[in-house]
Amino acid sequence: MQLKYTWFTLIAALCLSLSLTAHAATKQEMGTVLNLAGKQRMLTQKMSKEVLLIAKGVNADDNKANLQKTAALFDKTLTGLISGDASLGLPKTEDTEILAQLNRVAGLWMTFHENITAVLKGDTS
């Protein structure tokens, strides 16, 4: 399971960094894409940490609230990297190769998110 999440993180970081070279119209947009790509990687690590803390019973209610917010931010950012998001300052990705990779990340995210949802419902197995 750890390997799956490691691959998820690596693929996400690679895909998101590739989007820098493909279709960022301005330096500001390129900077935003770069920053949010790095943040996506960090968010996967943060969610994993929050899940472990919940499973260990460490401030479970606070960590569940944090996990829910972290997952929502990851999802919003991934959607923004694919479709664009003015509130995040993200341009729409139009390069077909990058979109294919981002869609692969989205598929991995669906599986990861199912596990997050299970933990939020109390299943820490």
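In the next few minutes I will go through the fold, the helices and the salt bridges of this predicted model.

Let me begin with the overall layout. The secondary structure of the protein chain amounts to four helices and zero strands, and along the sequence the pattern reads α-α-α-α. Of the 125 residues in the chain, 33% count as buried.

Before the details, a word on confidence. The mean pLDDT of the protein chain is 85, and 80% of the residues score at least 70. Confidence is lowest in helix α1, residues 2-23, where the mean is 57, and it is highest in helix α3, residues 60-83, where the mean is 96. Where pLDDT is low, the predicted coordinates should not be read in detail. I will therefore leave α1 aside, given its mean of 57, and turn to the other helices.

Helix α2 comes next. Its 29 residues should span 42 Å at 1.5 Å a residue, and the C-alpha atoms at its two ends are indeed 42 Å apart, so expectation and model agree. The buried residues of α2 are Thr-32, Val-33, Leu-36, Ala-37, Gln-40, Leu-43, Thr-44, Met-47, Glu-50 and Ile-54. An α-helix has 3.6 residues a turn, so residues three or four places apart point the same way.

One name in that list deserves a closer look, namely Glu-50, which is buried at 2% relative accessibility. What does the side chain of Glu-50 meet in a salt bridge? The partner is the side chain of Lys-46, with a distance of 2.5 Å from N to O. Glu-50 and Lys-46 lie four residues apart in helix α2, residues 27-55, and because of that spacing they are separated by about one helical turn. Lys-46, for its part, is partly exposed, with a relative accessible area of 28%, so this salt bridge joins a buried residue to a partly exposed one.

Towards the end of this helix we find Ala-55, which still belongs to α2 and is partly exposed at 42% relative accessible area. The C-alpha atom of Ala-55 is separated by 8.9 Å from that of Gly-122, although the two residues are 67 apart along the chain. Just after α2, Gly-57 adopts a positive phi of about 80°.

That brings us to α3, which has 24 residues and reaches 34 Å from its first C-alpha to its last, close to the 34 Å expected at 1.5 Å a residue. Its buried residues include Leu-67, Phe-74, Leu-78, Leu-81 and Ile-82, and also Asn-63 and Gly-80. After α3 comes Gly-84, again with a positive phi, in this case near 90°.

How does α3 pack against helix α4, residues 96-120, and at what angle? The two helices pack at about 165°, with their axes 11 Å apart. Since an angle over 145 degrees counts as roughly antiparallel, α3 is roughly antiparallel to α4. The crossing of α3 and α4 is left-handed.

Finally, I return to the salt bridges, of which the structure holds two. Besides the pair in α2, Lys-76 forms a salt bridge with Asp-85, and here the closest N and O atoms are 3.6 Å apart. That distance qualifies because the cut-off is within 4 Å. Lys-76 is partly exposed at 39% relative accessibility, whereas Asp-85 is buried, with a relative accessible area of 15%. In this bridge, too, a partly exposed lysine is paired with a buried acidic residue.

Notes: Residues are numbered from 1 along each chain as its sequence is written. Side-chain values use heavy atoms; hydrogens and water are left out. Buried means under 20% relative accessible area, exposed over 50%, partly exposed in between (1.4 Å probe, protein chains only). pLDDT is the predictor's confidence in each residue, from 0 to 100. The expected span of a helix is 1.5 Å times one less than its number of residues. Axes are lines fitted to C-alpha atoms, for helices over the stretch in contact, and angles run from 0 to 180 degrees between N-to-C directions. Angles under 35 degrees count as roughly parallel, over 145 as roughly antiparallel, 65 to 115 as roughly perpendicular and the rest as oblique. A crossing is left-handed if the near helix is turned anticlockwise from the far one by less than a right angle, and right-handed if clockwise.
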